[in-house]
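This report goes through one protein chain for a reader who has not met it before. The sequence and the model come first, and the description follows.

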Amino acid sequence: MSTTTSTDKSAGFATFDRTTSIWGPITLGLGLLISLGAALYAAFGSGMGISTAELLTAVAAVLATFGVIAIIEPISYFPILGRSAMYQAFLIGNIANKLLPAAVVAQANLGERPGTRRAELIAGSAIIGAVLVHITTLVLFVGVLGTWLLGTLPAPLIATARVYILPAVFGAVVLQSVLAMKSRRTTIVAVIVAALMVFVVVPLAPALTHYATALAVVTTIAIAWFARAKTPPRAADSVVSGDPATHTR
């Protein structure tokens with residue numbers, strides 16, 4: 001019975017992977033075309049007088065500033081989200097402060113370590129739930145009540161809230177990731193590397209400011225790899241986080 005269940009599960013994952021590999025690139029490609037089509041129409045079809053040289057200059061400036069993030073973010077998010085949830089997340093956007101926290105919280109509450117097939121399915125389901133909640137609250141609380149509420153709040157209060165919103169979101173994500181990963185050694189390495197990058201490297205070499213995130217991620221991965229425990233995981237752990245064919249929960 002167990003062998004039959006494992007075989008069925010492996011076949012199901014194989015079908016799921018084939019479907020993901022087909023529709024994931026298609027949906028992302030359509031999203032890219034729609035986004036570029038709207039932007040190009042705004043630039044050249046709306047009569048604003050934007051030249052090709054100005055457009056290329058703007059694109060180069062954006063790439064110089066955020067190009068490294070386009071490389072680092074997929075590498076950083078993949079171990080937590082998995083392939084199918086990555087397609088969802090990058091098509092929807094707003095990953096760091098909405099989709100990734102939802103995935104991490106869901107995996108932690110269901111007792112699943114990131115990196116397993118079950119964790120990937122949990123992340124995809126959490127993203128769907130986060131989007132539904134986001135759209136509902138956006139219509140009700142932002143569309144209906146948001147404008148009225150902002151009009152009643154004093155400007156100093158709004159300015160103060162904007163200062164602390166982003167650190168609060170990232171702080172919650174980091175804490176939840178630490179609790180979900182349950183890897184004390186990797187957490188210590190990440191904290192030390194990030195602190196050195198912010199308080200030592202960037203002040204000494206301001207030219208590395210835009211590359212600080214990339215350097216911190218790559219350095220943390222390298223050090224954590226060499227500092228990892230060399231003993232093999234216990235049998236119970238391998239069942240939880242190992243091959244999907246042996247995952248019987």
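## Overall fold

In this chain, 63% of the contacts with a separation of 6 or more are between residues 24 or more positions apart. The model is a predicted one. Its secondary structure amounts to 9 helices and 0 strands, which gives the pattern α-α-α-α-α-α-α-α-α when read along the sequence. The chain has 249 residues, and buried residues make up 22% of them.

## Salt bridges

Side chains of opposite charge can pair when their charged atoms come close. In this model the count comes to 4 salt bridges. Three of them are listed here, with the distance between the closest N and O atoms.

| Acidic residue | Basic residue | Closest N and O atoms |
|---|---|---|
| Aspartate 17 | Arginine 83 | 3.6 Å |
| Aspartate 17 | Arginine 117 | 2.8 Å |
| Glutamate 112 | Arginine 118 | 2.8 Å |

Aspartate 17 appears in two of these rows, with arginine 83 as one partner and arginine 117 as another. The pair of aspartate 17 and arginine 83 links distant parts of the chain, since aspartate 17 is in helix 1 and arginine 83 is in helix 2, 66 residues apart. Arginine 117 lies in helix 4 (residues 117–144), so its salt bridge with aspartate 17 in helix 1 ties together parts that are 100 residues apart in sequence.

How accessible are these residues? Aspartate 17 has a relative accessible area of 22%, so it is partly exposed. Arginine 83 is also partly exposed, at 34% relative accessibility. Arginine 117 counts as buried, because its relative accessibility is 18% and the cut-off for buried is under 20%.

The pair of glutamate 112 and arginine 118 joins a buried residue to a partly exposed one: glutamate 112 has a relative accessible area of 2%, while arginine 118 is at 28% relative accessibility. Through shared partners, salt bridges join Asp17, Arg83, Arg117 and Glu120 into one network.

## The second largest pocket

Rolling a probe the size of a water molecule over the atoms shows where empty space is left. The second largest pocket holds about 160 Å³ of space. Which helices supply at least two residues each to its lining? They are helix 1 (2–45) and helix 2 (52–92). Helix 1 gives the most, with 6 residues.

The lining residues are Phe16, Thr19, Thr20, Trp23, Gly24, Thr27, Ser84, Tyr87, Gln88, Leu91 and Ile92. Sorted by class, the lining has 5 nonpolar residues, 6 polar residues and no charged residues.

Serine 84, one of the lining residues, is found in helix 2. Its relative accessibility is 9%, so serine 84 counts as buried. Apart from neighbours within four places in sequence, serine 84 is in contact with Phe16, Thr20 and Glu120. Among these contacts, Phe16 and Thr20 also line the second largest pocket, and Glu120 belongs to the salt-bridge network described above.

## A loop residue with positive phi

Most residues other than glycine have a negative phi, and most peptide bonds are trans. Asparagine 94 has a phi near 55°, a positive value in a residue other than glycine. Where is asparagine 94 placed? It sits in the loop between helix 2 and helix 3 (95–109). Asparagine 94 counts as partly exposed because its relative accessibility is 40%.

## Helices 7 and 8

Helix 8 covers residues 212–226, which is 15 residues. At 1.5 Å a residue, helix 8 should span 21 Å, and its end C-alpha atoms are 21 Å apart, so the expected and modelled values agree. The buried residues in helix 8 include Ala212, Ala214, Ala216, Thr220 and Ala224. An α-helix has 3.6 residues a turn, so residues three or four places apart point the same way.

Isoleucine 192 lies in helix 7 (residues 184–204). With a relative accessibility of 45%, isoleucine 192 counts as partly exposed. Isoleucine 192 and threonine 220 are 28 residues apart in sequence, and their C-alpha atoms are 8.9 Å apart in space. Threonine 220 is one of the buried residues of helix 8.

Notes. Residues numbered from 1 in each chain as written. Predicted model: local features only at pLDDT ≥ 70, side-chain atom pairs only at ≥ 80, totals over all residues. Heavy atoms only, no water. Helix = DSSP H or I, 4+ residues; strand = E, 2+ residues; numbered from the N terminus. Expected span 1.5 Å × (residues − 1). Buried < 20%, exposed > 50% of the residue type's maximum accessible area, 1.4 Å probe, protein only. 1 Å grid on protein atoms, 1.4 Å probe; cavity = no way out; pocket = protein on both sides within 12 Å on 5 of 7 lines; lining within 4 Å. Points joined across faces, edges and corners; volume = space filled by probe spheres on them. Nonpolar A, V, L, I, M, F, W, Y, C, P; charged D, E, K, R; others polar. Contact = heavy atoms within 4.5 Å. Salt bridge = Lys/Arg side-chain N within 4 Å of Asp/Glu carboxyl O.
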